[in-house]
Every structure is written in structure tokens, then in C-alpha cells.
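Hi,

Here is the structure I promised to pass on to you. Have a look at it first, and then read on for what I found.

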Amino acid sequence: KNPFEIQFNLLKNLINDNKNTIFGKKHNFSEFSENFTVENFQKNIPVRNYTELKPYIDRIRNGEQNVLWHSPVKWFAVSSGTTSDKSKYIPVSREALEDNHFRGGKDIIAVYANQYEDTKLVKSKSLVIGGSRQISMFKNSLYYGDLSAVIIDNLPVWSHLLRTPNKNVALLSKWEEKLEKMAEQTIEENVTSIMGVPSWTLVLFKRILEITGKNNIAEIWPDFELFIHGGVSFEPYRSIYKKILPPEKPMEANTYNNTAIAQFPSATRNRADAMTTPM
């Protein structure tokens, strides 16, 4: 209801929390946090790209702490690549996991359950399709991998009771091996929702249909009702998915994987028409 005030106060708190970091001291966080304005923020912190931030990130990768963030950072999400580097290493703090990624997942379930009170999401399994880069170690007990792998490896214990495949399979690095084991494990589960990138999910769907000889996902998972996706545009895949998803009640929610924002249609609409627009 008050987006400007909330965003402003959040930014102000982030500045105050990190005023004693190396980055915070260099950019005078202490001084302008006392008289915080948007203008002061823009004056002290210029817009910059990854290459300009890379020296700070390299220091964290070498084991130095309190550089860009006030609490310990031991995880890095690896991007697919940039023009200046083969990959970007994005520091992921415990706060980022708890207040952003985990909370995003909880919010999606909460909003959806509020729209559809008869949902079976929390009474069965969610098929979670992670990335193909397994968790690896830097020196000094620092770890890196796909963002999805980082999230899966840090999920609370209780959440693994609601997801499939098991953690060992989800974090496999060889896609062909992972595909077969995911198909084997998930066919026998009662899957009601799926979280994954449309391209990877489609390959898995086709393999599962091939193994089972079925024509539609509803024939394998009759209670399936929600597909949560992100990473790439869903539009090139929409017509294909319409052929293999349950026609009477498929709901798909497009999320931006840094914020996990999902938009759901009104509960009065038929689920067959509930295709959301990418945000």
C-alpha cells in the first residue's frame, strides 16, 4: 500500500547496516545515512557494472569478509556469462537467501493458496528442477554454483519433505544422468507443482512422457495444478506446454528469479485461462 515509503526505508536500512563495510566506508555510508536522501545516495554511489565491482567480489572470493556486506558471505551464484568475463560470481548472503529467495517461494505458495483454497500444493510434492552446475569449493570454505543449486543446498530440512527429486539428484552436474534419475524418481510421486526454467522442464516432461507412454502430464500426475517458471521468456514455449499440461486446470506463474515475484489472476477465473503475463 505504501511502496515508496517501504522502498525508501529499506534502502536507508541497508545503507545503515553496511556503513562499516569496506564498500560502505569508501562511499561515506555513515555520513549520508544520518541525513538520507535519494540525492545523497546517487551522489555517493554511482551506477557501475560488474567489471567495476569485480575487485570487491574478488576480495570476498579470496576469503576477505565485511567487504560488500556486513555478515559473512560464503556462497556465490554463478551467472551464465558476460562480455567481460566467462561467468559472474554474485555474492549470496544468508539474508539474501532468507529474505529474498526463501521468502519468495513462501509468498508464491501463500498468494496461490489464498486464491485457491482447495489447493493440494502443501499436501504433496513439488518438482524442483535445479541448474546443471553443481556446488564447488573455492579456498577458505567458500562455495559456488548455479543460483538454483545454491538455494537447494541451503533449503531448510523440512522443505525437502515437500520436494522431489532428492537433493543428491537435484545437484548432479551431468545433465543426461540427472535427467534420467529425475524422471525415474518423480514418475511415482504425486507432483502438484513444478518449479524450473521452461527449457529444462520441457526436456524432462518429454522424457517422462516417453518413458511412460502417456500423452499428457495429467495422466501421470492427476493432481498437478501449478507451474512456476523463470529465467527465460515463456512465450516461445507456451504453445508446446499447452499440449502437454493438463488442459482443465493448468496455472502458470512467471517469476523473476532474483525477486520471485509472481502474479496470479483473480480466483473467480477458470484455471484453464490462468496464464499470467511475464512481469
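Let me start at one helix end: Asn 49 caps the N-terminal end of helix H5, with a side-chain oxygen 3.2 Å from the backbone nitrogen of Thr 51. Please keep in mind as you read that this is a predicted model.

Helix H5 itself covers residues 50–61, and its buried residues are Tyr 50, Tyr 56, Ile 57 and Ile 60. Around the helix axis these residues span an arc of only 115°, so they sit on the same side of H5. And what lies over them? The cover for the buried residues of H5 includes helix H2 (22–26) as well as two strands, E1 (75–78) and E2 (89–92). Just past the other end of the helix, Gly 63 has a positive phi of about 105°.

Next, a residue in a strand. Ser 136 belongs to strand E4, which runs over residues 136–137. Is Ser 136 buried, exposed or partly exposed? Its relative accessibility is 22%, and buried would require a value under 20%, so Ser 136 counts as partly exposed. Leaving aside residues up to four places away in sequence, Ser 136 touches Leu 142, Tyr 143 and Tyr 144. I also looked at Ser 136 together with Phe 76: the two are 60 residues apart along the chain, and their C-alpha atoms are separated by 9.9 Å.

On the surface, you may like to look at a nonpolar patch formed by Trp 158, Leu 161 and Leu 162, which together have about 330 Å² of accessible area. Leu 161 is placed in the loop that links helix H7 (147–154) to strand E6 (163–164). With a relative accessible area of 64%, Leu 161 is exposed, because the cut-off for exposed is over 50%.

Finally, some values for the chain as a whole. It has 11 helices and 9 strands. The chain is made of 279 residues, and 41% of them count as buried. Its accessible surface is about 15,300 Å², with 52% of that belonging to carbon and sulfur atoms. Taking the contacts between residues at least 6 apart in sequence, 63% join residues that are at least 24 apart.

That is what I have for now. I would be glad to hear what you think when you have had a look.

Best wishes

Terms used:
Residues are numbered from 1 along each chain as its sequence is written. This is a predicted model: local features need pLDDT of at least 70, side-chain atom pairs count only at pLDDT 80 or more; totals for chains, interfaces and linings use all residues. Side-chain values use heavy atoms; hydrogens and water are left out. Patches are made of residues with over 30% relative accessible area and no salt bridge: like charges are joined within 9 Å, nonpolar side chains (Val, Leu, Ile, Met, Phe, Trp, Tyr) within 5 Å. Accessible areas come from the Shrake-Rupley method with a 1.4 Å probe; for residues, only the protein chains shown count as cover. A salt bridge is a side-chain nitrogen of Lys or Arg within 4 Å of a carboxyl oxygen of Asp or Glu. Helices (H or I, at least four residues) and strands (E, at least two) are DSSP runs, numbered from the N terminus. Buried means under 20% relative accessible area, exposed over 50%, partly exposed in between (1.4 Å probe, protein chains only). Contact means heavy atoms within 4.5 Å. The arc is that of the directions from the helix axis to the C-beta atoms. A polar contact is a pair of N or O atoms within 3.5 Å; within protein, one must be able to donate a hydrogen and the other to accept it, and residues adjacent in sequence count only if both atoms are side-chain atoms.
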